[in-house]
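Have a look at the model below before reading on. The report then walks through its strands, its charged pairs and its sulfur link.

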Amino acid sequence: QVQLVESGGGLVQPGGSLSLSCAASGRFFRLDDMGWYRQAPGKQRELVAAIGRDDSTNYADSAKGRFTISRDNAKNTAYLQMNSLKPEDTAVYYCSVAAVTLPWYITVNSWGQGTQVTVSS
């Protein structure tokens, strides 16, 4: 089992910044891909950014140049730095992690509970 705890959401004005964190805990051997998704009201959940264990990254076009994903493998934590936020970035942001779990070394995808990000003046 892998538990994910997200933090850092909130209300910010357009043009502002927020930093999200996702800390993983539980019985796992290794964390592989870590990612951030978001879901706005009435819309499907979409990928915002993802990072591999080798620090390779992938961004949605809407996030490129404004958001930065990173990870700290020693702390089992992923981060999303969001700058130049726009009202259209308003959504619930979810963390997702692929973990190689113990004791059978099976890869399991887990989701966090979500954190609300609201961009509004």
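What follows is a short tour of this predicted model, going from the sheet to the side chains.

**The four-stranded sheet**

Let us begin with the backbone. Four strands form an open sheet, and their order is S1-S3-S8-S7, with antiparallel pairing. S1 and S7 are the edge strands, each pairing on one side only. From one strand to the next, the twist averages 15°.

Going across the sheet, we start at S1, which covers residues 2-7, and its partner S3, which covers residues 18-26. These two strands are antiparallel and share six bridges. To find the register by eye, look for Gln 3, whose bridge partner in S3 is Ser 25.

The next step leads from S3 to S8, made up of residues 77-82. Six bridges join these strands as well, and they run antiparallel. Here Ser 19 is a handy marker, since it stands opposite Gln 81 in S8.

The last step takes us from S8 to S7, again an antiparallel pairing over six bridges. Within it, Arg 71 has Ala 78 of S8 as its bridge partner. As a general reminder for viewing, side chains in a regular strand alternate between the two faces of the sheet.

**The disulfide**

How many disulfides does the model hold? The count comes to one. It joins Cys 22 to Cys 95, with an S to S distance of 2.1 Å. The angle about the S-S bond is -80°, and the link of Cys 22 and Cys 95 is left-handed. Because Cys 22 lies in strand S3 and Cys 95 in strand S9, the pair ties together parts that are 73 residues apart in sequence.

Are the two cysteines buried or exposed? Cys 22 is buried, with a relative accessible area of 0%. Cys 95 is buried too, and its relative accessible area is likewise 0%.

**Salt bridges**

Now to the charged side chains. The count of salt bridges comes to five, and the table lists some of them, with N to O distances.

| Acidic residue | Basic residue | N to O distance |
|---|---|---|
| Asp 89 | Arg 38 | 2.9 Å |
| Asp 61 | Lys 64 | 3.2 Å |
| Asp 89 | Arg 66 | 2.7 Å |

Asp 89 appears with two partners, Arg 38 and Arg 66. Take the salt bridge of Asp 89 and Arg 38 at 2.9 Å. This pair links distant parts of the chain: Asp 89 is in the loop between S8 and strand S9 (91-101), while Arg 38 is in strand S4 (residues 28-39), 51 residues apart.

Now turn to the salt bridge between Asp 89 and Arg 66, at 2.7 Å. Asp 89 lies in the loop between S8 and S9 and Arg 66 in the loop between strand S6 (57-59) and strand S7 (67-72), so this pair ties together parts that are 23 residues apart in sequence. Through shared partners, salt bridges join Arg 38, Glu 46, Arg 66 and Asp 89 into one network.

How accessible are these residues? Asp 89 is buried, at a relative accessible area of 1%. Arg 38 also counts as buried, at 8% relative accessibility, and Arg 66 is buried with a relative accessible area of 10%. These values fall under the 20% cut-off that defines buried. In the salt bridge with Lys 64, by contrast, Asp 61 counts as exposed, because its relative accessibility is 64% and exposed means over 50%.

**Around Arg 53**

Our last stop is Arg 53, found in the loop between strand S5 (46-51) and S6. Is this residue buried, exposed or in between? Arg 53 is partly exposed, with a relative accessible area of 39%.

Which residues does Arg 53 touch, leaving aside its neighbours within four places in sequence? Arg 53 is in contact with Arg 30, Leu 31, Asp 32, Arg 71 and Asn 73. For Leu 31 there is a further detail: its backbone oxygen lies 3.1 Å from a polar atom of the side chain of Arg 53. Arg 71 will be familiar from the sheet, where its bridge partner in S8 is Ala 78.

To get a sense of scale, try Arg 53 and Asn 83: they are 30 residues apart in sequence, and their C-alpha atoms are 24 Å apart in space.

Note on methods:
Residues are numbered from 1 along each chain as its sequence is written. This is a predicted model: local features need pLDDT of at least 70, side-chain atom pairs count only at pLDDT 80 or more; totals for chains, interfaces and linings use all residues. Side-chain values use heavy atoms; hydrogens and water are left out. Two strands pair if DSSP finds at least two bridges between them. A salt bridge is a side-chain nitrogen of Lys or Arg within 4 Å of a carboxyl oxygen of Asp or Glu. Buried means under 20% relative accessible area, exposed over 50%, partly exposed in between (1.4 Å probe, protein chains only). Contact means heavy atoms within 4.5 Å. A polar contact is a pair of N or O atoms within 3.5 Å; within protein, one must be able to donate a hydrogen and the other to accept it, and residues adjacent in sequence count only if both atoms are side-chain atoms. A disulfide is a pair of cysteine sulfur atoms within 2.5 Å. Axes are lines fitted to C-alpha atoms, for helices over the stretch in contact, and angles run from 0 to 180 degrees between N-to-C directions.
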